[in-house]
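Reader: Could you walk me through this one with me asking how each label is earned? I would like to see the reasoning behind the words.

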Amino acid sequence: MTLTADLVIATAVAYVGLLFVIAYLGDRHTRSRSGGFLRSPFVYTLSISVYCTSWTFYGAVGTAARNGLEYLTIYLGPTIVFIGWWFILRRLVRISHDQRITSIADLLSSRFGKSSTLAVLITVLAVIAIAPYIALQLKAITSSIEAIAGSSEFGRGSLAGWDEVGLAFGVAAGMAIFTILFGTRNVDAKEQHHGVVAAIAFEAVVKLTALLAVGVFVVYVGGGMDTIFANAETAGLNIHAGDTFGDRWISMMVLAAAAIICLPRQFQVTVVENSDEKHLRTASWAFPAYMLAMSLFTLPIALFGLTFMPVGSNPDMFVLTLPLAQGQDALALFAFIGGFSSATSMIILESIALSIMVSNHIVVPIMLRLTSGDGIGDGQGVRRLILNARRLSIMLILLLGFAYFYLTRGSDALAPIGLISFTGVAQFLPAILASLFWRDASTKAAICAIAVGFVVWLWSSFMPSFASSSPLVASVMANGPWGIDWLRPQGLFGFDDLDPLTHAVFWSLFLNTTVLILGSLMTNQSALEHVQAALFLNVFRRTSNEASPIRGSATADDLFLVARRVLGHERAVALFSEEAKQARMPWTTLEPSSSFIRRLEREMAGSIGAASAHVMLSKVVSGDSISLEEVMQMADETQQAIEYSQELEKTSTQLRATAEKLEEANRQLRKVDLQKDEFLSQVSHEVRTPMTAIRAFSEILLDDEELDDASRAKFVSTIHKESLRLTSLLDEILDLSALERGERAWENRPIDAEESLDQALRVCDALARQSNTQVKIGTRASAAYVRSDPDRLSQVLINLISNAIKYNGAIAPVVEVRSRLKRGAYIIEVEDNGIGIAQEEQPRIFDKFYRGRLGETGPYAGAGLGLPISREIISRMDGVLELVSTREEGACFRITLPLITQSEAGAAQ
């Protein structure tokens, strides 16, 4: 086998195609089944190994060659975190599941009052901090291709004329296309990407196998471990270094431990992609075991490379160049694929995680601000905007990584580049720990702390990396800005003796933490911060019925419009249908509860982040904001349960339950009082109309003695007509009142409902003839035995049929009456071809005294009590009366009654 640059590139492209196939099959398998192996703890653990990038694959050997055992810190830091998973990782995963957290920016913004400012700050800083890390992957891939091209007897092949910069740009462009196709197919950021995880898990196996294969080969060629170490000592290498465990060692341990939590891609796979909290238990030992295997041959490869390879060889490439030097082209190709896997997996997941942060916390808030919450379009428009924003973000992120590579291409070592990124993302660690364990940490303090830490990082770590390409940066590093020596990036405040890495880590984290602590002690939390702090700190004690931080009311239509724009039509319909089913009422009368609003906010947070979801819902939810007393009641009672005795916990629980019952009772009383006022107002209005007419005509009859007989008869007739109307109105009011209080009792017995329908049709026949309305008899059930009162059922049917006749309004009015049996129920439908009921009137059509436009202006104006009485009667028969949609014009009312058993029907017959 002859290894050429063209063969390597072709193999890399084929490998990418294989990853596509694995991701596609993984997604397909998860959709068609429960997930099976893809949801196993071992696949989850392998996905976490995305931590092991090309820095680990190539750079660990280079670090070992230059700095001895220092490379172990990159493995020991995450090992400590995962062994102690019970304290931090378990809490992060539980909070993520409860709050539908989508990213590290979402986590912190959610904890600190759902602050969009904090989310934007973290997103911008994360993108900047990860740029060196992406540049590291580009450098590793280009260096490995260059190493193979330089060793090939056929030269560079199709790479002829391409320098390192052009090759890196090509790799970045390819990775951008690959990542866009690979990871931006779904809007819901909280949805587990099982296909991507499956591909990452496969890459974890590939890179581990490749590194172990090279390690075994090196040990075999080198004559065993003892021989390799002996030859290294003979060559003058110091294999017994005693100054390894110093301040730099501690700094790298802290950075590695922080990185496994704070890197966006690690948060994505460890927290967001976690489908079962129990998987952490397996990962707590399996992931450290994986890293042990990855580091097993690092030192032997480094020592053998230093003794075998020519002086001046790049130790970062020993994993690749040693097999090439021994003529093992197949092994070298396998090693290249292992390093390529390490780089691509990092770029894919890091870009996906960052693009989610950019779209959720920058693009969506800008969209909301520009549109003021409306005019955004339908759900597909918003989802398309979010997906395009994520795709554009991926291109910009990789372009930023390439720009960093271009400006710092003079550096040979991989490890220092990675440590720059580690130090940058470590600035999130103090705020994360405070969000999990400190109740009083405030939003203002967190924003200031992260900003201060990042400024120090930019000055002391990020900027010095440009010293080789910028004379200005080199001058500032040597003399300080404007000659101020104590502000030199690597000698802040006169500390010149510290290692540059230790210097940057110490000052950035020290000032970050100090500002966070002092700022929290000096500032007050908002009400929402109190609520979120209680939710985060007491995540293992909370029940599922916590109150929503958004308080107030909103119409179902407004909430549905917002949900459809973010979640899409199908998902929004599913959510509202489930809520309507639980409330046992149609959408038209649905009054969204606070628990449903909270659930909707969590669902939306899975797509656009907690801060954006909170802002969008706040635009349509009106009402009183939560008071500080209510917040403190929720937060302090939970805190007391933790801090005080068990007896006090029981007392607090009882007080909370009593307060909730009193609050519910007060709400019911206020509701009843409001209904009473509305009822009395409507009654007085309805009674006053006929009484005014009766009084006016009576006064005319009394005062005008010269009134002719015809006029007197007309006025007496009007008084009689209005008296009958008043009597009918009072009868209906008393009937409805008695029905609602349960005083108007009757005995439902087995009857044939078709006979009641026939009776109603006969009664309404004269009215239909009088108004020239055709009553069309549709499909009828032969017999329908239900438990009902025949007179009351006829009353309801007469009301529906007469309404359809009186309020039709068509040129050729037609009323169709039909009945059928379906799934154990008897269904009657009364449909007309009139102008129908306006969409805005439909939610109120069953309200007391509501008559709609036709009922108020037509010749048959009634009191508006017929439909409420009818619905109350049908409900007493365990049935449902509802207004249903029609394909054409007109209105259709449907009665659904449960059928009785065969034995009861036989008794009725």
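Reader: Let's start with the open sheet: how many strands does it have, and what is their order?

Author: Happy to begin there, and please keep in mind that this is a predicted model. The open sheet has 5 strands in the order 2-4-5-7-6, with mixed pairing.

Reader: What makes strand 2 and strand 6 edge strands?

Author: Each of them has a single partner strand, so one side of each is left without a neighbour in the sheet. Strand 6 covers residues 880-884. From one strand to the next, the twist averages 20°.

Reader: How do you know that strand 5 and strand 7 are paired?

Author: Two strands count as paired if there are at least two bridges between them. Strand 5 (residues 825-832) and strand 7 (residues 892-898) are joined by 7 bridges, and they run antiparallel. Given that cut-off, 7 bridges make this a pair. You can look for Tyr826, which stands opposite Leu897 in strand 7. Helix 34 (residues 866-876) packs on the sheet, where it touches strand 6 and strand 7. The direction of helix 34 makes about 130° with that of strand 6.

Reader: Now the charged pairs. Why is the contact of Arg248 with Glu70 called a salt bridge?

Author: The label needs a side-chain nitrogen of Lys or Arg within 4 Å of a carboxyl oxygen of Asp or Glu. For Arg248 and Glu70 the N to O distance is 2.7 Å, so the pair meets the definition. The structure holds 14 salt bridges.

Reader: Where in the chain do the two partners, Arg248 and Glu70, lie?

Author: Arg248 is in helix 11 (residues 247-262), while Glu70 is in the loop between helix 3 (54-67) and helix 4 (73-83). They are 178 residues apart, and the pair links distant parts of the chain.

Reader: Why is Glu70 called buried, and why does Arg248 count as partly exposed?

Author: Buried means under 20% relative accessible area, and partly exposed runs from there up to the 50% limit for exposed. Glu70 has 9%, so it counts as buried. Arg248 has 23%, so it falls in the partly exposed range.

Reader: What about Arg780 and Asp758: what makes that pair a salt bridge?

Author: Their closest N and O atoms are 2.8 Å apart, which is within the 4 Å limit. Arg780 lies in the loop between strand 2 (774-777) and strand 3 (785-788), and Asp758 lies in helix 31 (residues 753-770), so the pair ties together parts that are 22 residues apart in sequence. Arg780 has 26% relative accessibility and counts as partly exposed. Asp758, with 29%, is partly exposed as well.

Reader: Which residues are joined with Glu816 and Arg818 into one network?

Author: Glu816 and Arg818 form a salt bridge of 3.4 Å, N to O. Salt bridges that share partners join these two with Arg820, Glu829, Glu831 and Arg894. Arg818 is buried because its relative accessible area is 17%, under the 20% cut-off. Glu816 has 22%, so it is partly exposed.

Reader: Turning to helix packing, how do helix 9 and helix 13 meet?

Author: The axes of helix 9 (residues 194-221) and helix 13 (residues 279-295) come within 9 Å and cross at roughly 35°. Ala204, Lys207, Leu208, Leu211 and Leu212 in helix 9 meet Tyr290, Ala293 and Met294 in helix 13. These contact residues divide into 7 nonpolar, no polar and 1 charged.

Reader: Which residues touch the most other members of the largest nonpolar core?

Author: They are Tyr51, Leu92, Phe428 and Ile432, in a core of 168 residues. Helix 7 (residues 116-151) gives the most to this core, with 18 residues. Apart from its neighbours within four places in sequence, Ile432 is in contact with Leu92, Ile104, Leu107, Leu108, Ile261 and Cys262. A second, separate core has 36 residues, including Val796, Leu867, Ile873 and Phe893.

Reader: And how much of the whole protein counts as buried?

Author: Of the 909 residues, 53% count as buried. The protein has 35 helices and 7 strands.

Notes
Residues numbered from 1 in each chain as written. Predicted model: local features only at pLDDT ≥ 70, side-chain atom pairs only at ≥ 80, totals over all residues. Heavy atoms only, no water. Helix = DSSP H or I, 4+ residues; strand = E, 2+ residues; numbered from the N terminus. Buried < 20%, exposed > 50% of the residue type's maximum accessible area, 1.4 Å probe, protein only. Axes fitted to C-alpha atoms, helices over the stretch in contact; angles between N-to-C directions. Contact = heavy atoms within 4.5 Å. Nonpolar A, V, L, I, M, F, W, Y, C, P; charged D, E, K, R; others polar. Core = buried A, V, L, I, M, F, W, Y, C linked by side-chain atoms within 4.5 Å.
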